[in-house]
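Grab a pencil and let's work through a few exercises together. Try each task yourself before you read the solution.

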Amino acid sequence: ASTWLLPMQRDGVGYAYIGREIAKGAVVYKDVWDHKPPGVYFLDAGLYKVFPEIYVPALLGASLLAAWLASFFLFYLLRLFFSAQIAFIATVLFSIFSNVYMITVGDNLIEGYMLPILILLYIFFVKAIRTNKVGLYVVSGMLLGFLVLLKQVGILPLLALLAYLWIEKRWTAWILVAAVGVGLVLPILPLVYYLFSHNALVDAYDAIFLYNVVYSRQGYDMQSLAQSLYYILQVFFASLLYWTVAVIGIFKKGKLKNDFLFALFFFSSFLGIAMGGKFAFTRHYFLLVFPAMSYFVAKALQELSVQLKTKSMRVFAVVTILALCLPSFVLQAQAGFAGVHFARPFRFGDRELQYALGLPNYNFVQEEKIYYQLASYLKRSIGEDDGILNWGAEIELYTLTNTRASTRYFYNFPLNGTFITKDPLLAKRRGVFMIELGQRPPLYIITNNEETKHQPSFEQLDFPAFKEFLINNYTIETTIGNFILWRRSVPLV
């Protein structure tokens with residue numbers, strides 16, 4: 001989890017906002033809406049309950065703790081197969097390359113929290129295979145359930161477990177599969193009870209399954225596929241040494257059963273990368289393959305340690321390592337320079353140079369500076385009971401201004417059809433949005449006047465009811481960057 005002076009990005013800030021609202025009494029999916037499983041929201045809510053005054057540092061601390069636990073558990077996992085020295089070196093490599101900014105893209109991200117749980121799942125399943133204890137299979141299922149509560153693709157390691165048990169046990173595997181199934185259900189039952197008791201089961205089904213799984217089309221167009229190829233190359237070069245050593249390990253002879261098991265773990269995780277964004281290979285999803293890769297990295301290190309007996313081979317190895325680490329160093333240095341640019345009051349260059357810094361698709365640093373300007377302006381005018389509706393900018397405005405949205409839809413994706421091929425419930429969502437907006441009109445509504453991939457401009461927005469409400473009840477107070485600040489002109493009734 002490497003902050004590198006850069007702030008959290010869209011997803012992490014969105015989870016933080018939902019967690020804060022839940023901690024204050026909101027019901028997820030009913031009072032505050034998003035399309036992910038609720039695990040990360042409840043985690044963030046717990047952090048807000050304990051650290052309300054230092055919430056954002058607590059989130060960064062939780063990300064660091066997850067990274068540390070992942071490394072600790074990985075060392076334990078590798079010690080089941082390799083010597084302490086080999087396991088330690090492989091763990092160090094994992095710790096470095098699973099935390100480069102190009103892959104983590106910030107903090108408070110679900111994949112970072114999934115890593116220690118995923119590695120624990122591997123540990124308990126390996127122990128279950130070796131001891132044939134049913135209880136360990138139940139624990140494996142429970143860990144799988146916790147992964148599902150963090151993200152839908154958390155179910156995919158089940159494919160690896162089922163495939164291995166079927167091939168190794170055949171028809172006698174059904175008892176063990178049932179044990180995994182029992183464990184899988186156990187963490188999910190409290191969530192079902194929570195949603196049922198708050199009359200939010202239908203809302204959760206709509207968000208987690210219909211919107212995210214059925215309606216989503218992200219990755220199915222040429223632009224997204226081209227972007228995915230770009231992301232894959234970025235991840236590959238940011239961790240080139242790790243991938244190279246892992247490939248060496250794949251082709252080295254070892255115990256067939258162990259190799260086969262970790263190959264299944266790798267492919268199930270890689271399938272999660274592909275399916276998580278509907279074949280839009282988002283960078284931080286690649287964290288999920290690193291634990292399985294680590295087994296093959298350790299295997300390669302075991303073989304290479306035998307080869308490095310002579311001085312010439314050691315010199316060759318050092319030169320090769322430095323060459324393979326060069327892309328990682330360059331990309332990580334770019335993130336560091338971008339952090340300096342964000343933290344210091346001087347211009348680094350034009351828009352093209354910002355892209356060269358190795359940041360995400362849009363001009364992240366420059367936009368962040370504008371968001372901080374927006375927040376500074378809003379905080380001078382907003383009272384404790386005033387709300388905002390952040391339609392055109394990023395979600396962090398709520399965090400930066402310590403405000404809440406006036407509706408459950410605190411960002412515009414579910415109302416614009418962003419990444420959605422056809423949403424039969426779009427009209428219903430918009431109707432709920434307009435009702436809630438009328439019941440609690442915010443003091444400010446922020447729109448933008450420049451079309452971007454994720455944020456439609458106000459002029460091009462195809463939402464007549466919202467545009468009419470805004471024009472009739474608000475006036476433009478100022479413009480900051482490409483963002484328009486509308487202030488409520490009609491007094492509250």
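**Exercise 1: a pair of charges**

In this predicted model, the side chains of Arg 429 and Asp 206 form a salt bridge, at 2.9 Å from N to O. Work out which parts of the chain this pair ties together, and whether Arg 429 is buried or exposed.

*Solution.*
- Step 1: Find the helices. Arg 429 sits in helix H20 (residues 426-439) and Asp 206 in helix H10 (residues 201-215), so the pair ties together parts that are 223 residues apart in sequence.
- Step 2: Check the accessibility of Arg 429. Buried means under 20% relative accessible area. Arg 429 has 2%, so it counts as buried.
- Step 3: Do the same for its partner. Asp 206 has 12%, so Asp 206 counts as buried too.

**Exercise 2: another pair**

Find the residue that meets Arg 408 in a salt bridge, and say where each partner lies.

*Solution.*
- Step 1: The partner is Glu 436, at 2.8 Å from N to O.
- Step 2: Arg 408 is in the loop between helix H18 (396-401) and helix H19 (413-416), while Glu 436 is in helix H20, 28 residues apart.
- Step 3: Arg 408 counts as buried at 16% relative accessibility, and Glu 436 is buried, also with 16%.

**Exercise 3: two helices**

Describe how helix H4 (residues 84-97) and helix H14 (residues 290-307) cross.

*Solution.*
- Step 1: Their axes come within 9 Å and cross at roughly 135 degrees.
- Step 2: That angle makes H4 oblique to H14.
- Step 3: The crossing is right-handed.
- Step 4: Residues in the contact include Phe 94 of H4 and Leu 301 of H14.

Notes
Residues numbered from 1 in each chain as written. Predicted model: local features only at pLDDT ≥ 70, side-chain atom pairs only at ≥ 80, totals over all residues. Heavy atoms only, no water. Axes fitted to C-alpha atoms, helices over the stretch in contact; angles between N-to-C directions. Helix = DSSP H or I, 4+ residues; strand = E, 2+ residues; numbered from the N terminus. Parallel < 35°, antiparallel > 145°, perpendicular 65-115°, else oblique. Left-handed = near helix turned anticlockwise from the far one by under 90°. Contact = heavy atoms within 4.5 Å. Salt bridge = Lys/Arg side-chain N within 4 Å of Asp/Glu carboxyl O. Buried < 20%, exposed > 50% of the residue type's maximum accessible area, 1.4 Å probe, protein only.
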